[in-house]
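Biologist: Let's go through this structure together and ask what each label is based on. Could you bring it up?

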Amino acid sequence: MNFAPLPSVDVAAVPSDGFVLDVREDNEWAAGHVEGALHIPMSDFVARFGELTAAADDGRRVHVMCRVGGRSAQVTQYLVQQGIDAVNIDGGMLAWDSAGRPMVTDNGTPAFVL
């Protein structure tokens, strides 16, 4: 079988207004996330796939995020197979945090990567 390489981008290449899909679990999301990101845990992804297609129906690129890049790579591969313009964020939230990109929490506490 011939697999195309997984499309991926460095955290610095994600536009500040880019569409980010966070596939981490609820406790990871609560600790800190990208402001404006769509949160659909990987464990719920297939059941909630319609939420993503509704949010991305304008054809925007979907930047898929997890903690280090493993779960997001699987979701990115699935999205690409569905014909969605999706890219995996290399290094995930750990790289995002290391690059000094902004993170928020829903309750206003300091954000961190769990």
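**Putting the labels to the test**

Biologist: Why does N88 count as buried?

Modeller: N88 has a relative accessibility of 5%. Buried means under 20% relative accessible area, exposed means over 50%, and partly exposed is in between (1.4 Å probe, protein chains only). Since 5% is under 20%, N88 gets the label buried. Keep in mind that this is a predicted model, where local features need pLDDT of at least 70 and side-chain atom pairs count only at pLDDT 80 or more, while totals for chains, interfaces and linings use all residues. Residues are numbered from 1 along each chain as its sequence is written, and side-chain values use heavy atoms, with hydrogens and water left out.

Biologist: Where is N88 found, and what does N88 touch?

Modeller: N88 is found in strand β5, residues 86-89. Strands here are DSSP runs of E with at least two residues, helices are runs of H or I with at least four, and both are numbered from the N terminus. Leaving out residues up to four places away in sequence, N88 touches L6, P7, S8, V9, V64, G69, S72, A73 and T76. Contact means heavy atoms within 4.5 Å.

Biologist: What makes R71 and E28 a salt bridge?

Modeller: Their closest side-chain N and O are 2.9 Å apart. The rule asks for a side-chain nitrogen of Lys or Arg within 4 Å of a carboxyl oxygen of Asp or Glu. R71 and E28 fit, because 2.9 Å is within 4 Å. R71 sits in helix α3 (residues 70-81) and E28 in helix α1 (residues 26-31), so the pair ties together parts that are 43 residues apart in sequence.

Biologist: How exposed or buried are these two, R71 and E28?

Modeller: R71, at 24%, is partly exposed, while E28, at 9%, is buried.

Biologist: How many salt bridges are there by this rule?

Modeller: The count comes to six. Among them is the one between R48 and E51, with N and O 2.8 Å apart, and the one between R60 and D58, at 3.0 Å. There's also a network of salt bridges that links D44, R48 and E51. R48, at 24%, is partly exposed, and E51 is also partly exposed, at 36%.

Biologist: Which residues touch the most other members of the largest nonpolar core?

Modeller: That core has 16 residues, and L21, F45, L52, V62, V64, V75 and L79 touch the most other members. A nonpolar core is a set of buried Ala, Val, Leu, Ile, Met, Phe, Trp, Tyr and Cys residues joined through side-chain atoms within 4.5 Å. Two or more residues each come from β2 (19-22), α2 (49-55), β4 (62-65) and α3. Without its neighbours within four places in sequence, L52 is in contact with F19, L21, L38, I40, F45, V62, L79 and I84. A second, separate core has 14 residues, including V34, M65, I89 and V113.

Biologist: How do you know that V34 is buried?

Modeller: V34 has 8% relative accessibility, and that is under the 20% cut-off, so buried is the right word. V34 lies in the loop between α1 and β3 (38-39). Not counting neighbours within four places, V34 is in contact with V20, M65, M93, W96, P102 and V104.

Biologist: What is the volume of the largest pocket, and what makes a space a pocket?

Modeller: The volume is about 150 Å³. On a 1 Å grid over the protein atoms alone, a pocket is an open set of points where a 1.4 Å probe fits, with protein on both sides within 12 Å along at least five of seven lines; lining residues have an atom within 4 Å of a point. Points are joined across faces, edges and corners, and the volume is the space filled by probe spheres set on them. Of the 13 lining residues, P15, S16, V34, E35 and W96 are closest to the pocket's centre.

Biologist: Which classes make up the lining of the largest pocket?

Modeller: The lining has seven nonpolar, three polar and three charged residues. Ala, Val, Leu, Ile, Met, Phe, Trp, Tyr, Cys and Pro count as nonpolar, Asp, Glu, Lys and Arg as charged, and the others, Gly among them, as polar.
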